[in-house]
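Reader: Hi! I have a model open on my screen and would love a friendly walk through it. Could you put it up here too?

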Amino acid sequence: MDKLKGIAFVSIGAASYGVLATIVKLANNAGFGTAALTFLQFLFGVIVLSIISFISVRKNNSTATNNTISSNKSKFKLLLFGSSLGFTSCFYYLAIQFVPVSIGIILLMQTVWMSIILEFFTERERVNRTKLIGAIVVLAGTALASRIFESDFTFSPLGFGYGFLAALSYTITMYATNKISLDLPNITRSKYLVLGGFIAIIFFWNYQIIEELNTLELIKWGVILGLFGTVLPPILFNNGVPKIGAGLAGILATLEIPVSILSAYFMLNEHIGLLQALGILIILITIIKINTHKQKVI
């Protein structure tokens, strides 16, 4: 039963991330700016996660932190690395202003090979053949999925540039989620990561946030984005991953790709060509293969 719950939690968390880009695109089409939307998304996340964290601390008051200095250092690290979470949203939402959502999510998934490179430098582990081949295949699948071989393809340097920056930020975020300040409770870690992202967003957009905060209707979009982007996923992943393990969680996390593409297809009427579908399938199979190999090694 615990494993089924874990599968459900991780699947819903991945699906939540998957609908974000479509929601942002719908809000942009309705005339709302990306700066205000991102700001409200993270503001909602910080508020909700802070409330949950406060309640959790009150319930477990008897198990106080053994070392306050160490705890403060851990929180500062999370704030620092959490900035990458904010930059991921900023760059990703900017990317989909220049490229379709179905291509934006593929660019974001370049974190697959970026993570392998980061792991090589941080863990000093030799890259095994499965990961190396997987990285090359993901790049080949990306070439197909990004529609560069289709006759109506229009290359957007800004869109692809923002997409790769989003993938780079996402890679750092995933590293922080799995490696940084593991001594703190999961809900506390989520709160400080999101808070770090919130601070980064304020610095990134600065005065543009004030310019775009011009209607109360924005609150509705901010709550929706906050719910699916900064509240549900960390809570669901933190509860689900320990029940099923990192390998299976990595496989289930690939649901973000088809959910993102299908939501764009049905809600934004984005076209998905045969070559693009083939590229997406190649990337999905490769990610599953890499994570299956990890599970066997563990």
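Reader: Let's start with Arg189: which backbone oxygen does the side chain of Arg189 reach?
Author: The backbone oxygen of Ser181, at 3.0 Å. Keep in mind that this is a predicted model.

Reader: Thanks. And where is the place of Arg189?
Author: Arg189 sits in helix α8, which covers residues 186-205.

Reader: Is Arg189 buried or exposed?
Author: Arg189 counts as buried, because its relative accessibility is 4%. The cut-off for buried is under 20%.

Reader: Which residues does Arg189 touch, if I skip those up to four places away in sequence?
Author: Arg189 touches Leu78, Ala176, Thr177, Asn178, Ile180, Ser181, Leu182 and Leu184. Ser181 is thus one of its contacts, as well as the owner of that backbone oxygen.

Reader: How are Arg189 and Pro234 placed relative to each other?
Author: Their C-alpha atoms are 9.3 Å apart, with the two positions 45 residues apart along the chain.

Reader: OK, let me zoom out. How many helices and strands are there in the protein chain?
Author: There are 13 helices and 0 strands. Read from the N terminus on, every element in the run is an α.

Reader: And how much of the chain is buried?
Author: Of the 298 residues, 48% are buried. As for contacts with a separation of 6 or more, 89% of them join residues 24 or more positions apart.

Reader: Where is the confidence lowest, and where is it highest?
Author: The average pLDDT for the chain is 85, and 90% of the residues score at least 70. Among the helices, α11 (residues 246-252) has the lowest confidence, at a mean of 70, while α9 has the highest, at 94. Over residues 62-66 the pLDDT is below 50, and that stretch has 1 contact in the model beyond near neighbours in sequence.

Reader: Good to know! Now helix packing. How do α1 and α12 pack?
Author: Two packed helices are described by the angle and the distance between their axes. For α1 (residues 2-29) and α12, the angle is about 30° and the axes are 7 Å apart. Their crossing is right-handed.

Reader: Which residues make that contact between α1 and α12?
Author: From α1 come Ala14, Ala15, Tyr17, Gly18, Val19, Thr22 and Leu26. From α12 come Glu256, Val259, Ser260, Ser263, Ala264 and Met267. By class, that gives 8 nonpolar, 4 polar and 1 charged residues.

Reader: And what about α5 and α6, at what angle do they cross?
Author: Helix α5 (residues 111-123) and helix α6 (residues 129-145) cross at roughly 145°, and their axes come within 8 Å. This crossing is left-handed. On the α5 side are Val112, Trp113, Ile116 and Glu119, and they meet Lys131, Ala135, Val138 and Leu139 of α6. The contact of α5 with α6 has 6 nonpolar, no polar and 2 charged residues.

Reader: Back to single residues. Where is Gln41 found?
Author: Gln41 is in helix α2, residues 34-59. Its relative accessible area is 1%, so Gln41 is buried. Apart from residues up to four places away in sequence, Gln41 touches Ser89, Tyr93, Gly222, Leu225, Gly226, Gly229 and Thr230.

Reader: Tyr93 again, I have that one marked next to Asn28. How far apart in space are Asn28 and Tyr93?
Author: They are 9.8 Å apart, C-alpha to C-alpha, and 65 residues apart in sequence. Asn28 lies in helix α1. Leaving aside neighbours within four places in sequence, Asn28 is in contact with Gly33, Thr34, Leu37 and Gln97.

Reader: One more topic, the backbone angles. Which sign does phi have at Asn206?
Author: Asn206 has a positive phi of about 35°, although it is not a glycine. Asn206 lies in the loop between α8 and α9. Asn206 counts as partly exposed because its relative accessibility is 38%.

Reader: And what is phi at Asn269?
Author: Asn269 has a positive phi too, of about 60°, and is not a glycine either. Asn269 is in the loop between α12 (256-267) and α13 (274-297). With 66% relative accessibility, Asn269 counts as exposed.

Notes:
Residues are numbered from 1 along each chain as its sequence is written. This is a predicted model: local features need pLDDT of at least 70, side-chain atom pairs count only at pLDDT 80 or more; totals for chains, interfaces and linings use all residues. Side-chain values use heavy atoms; hydrogens and water are left out. Helices (H or I, at least four residues) and strands (E, at least two) are DSSP runs, numbered from the N terminus. Buried means under 20% relative accessible area, exposed over 50%, partly exposed in between (1.4 Å probe, protein chains only). pLDDT is the predictor's confidence in each residue, from 0 to 100. Contact means heavy atoms within 4.5 Å. Axes are lines fitted to C-alpha atoms, for helices over the stretch in contact, and angles run from 0 to 180 degrees between N-to-C directions. A crossing is left-handed if the near helix is turned anticlockwise from the far one by less than a right angle, and right-handed if clockwise. Ala, Val, Leu, Ile, Met, Phe, Trp, Tyr, Cys and Pro count as nonpolar, Asp, Glu, Lys and Arg as charged, and the others, Gly among them, as polar. A polar contact is a pair of N or O atoms within 3.5 Å; within protein, one must be able to donate a hydrogen and the other to accept it, and residues adjacent in sequence count only if both atoms are side-chain atoms.
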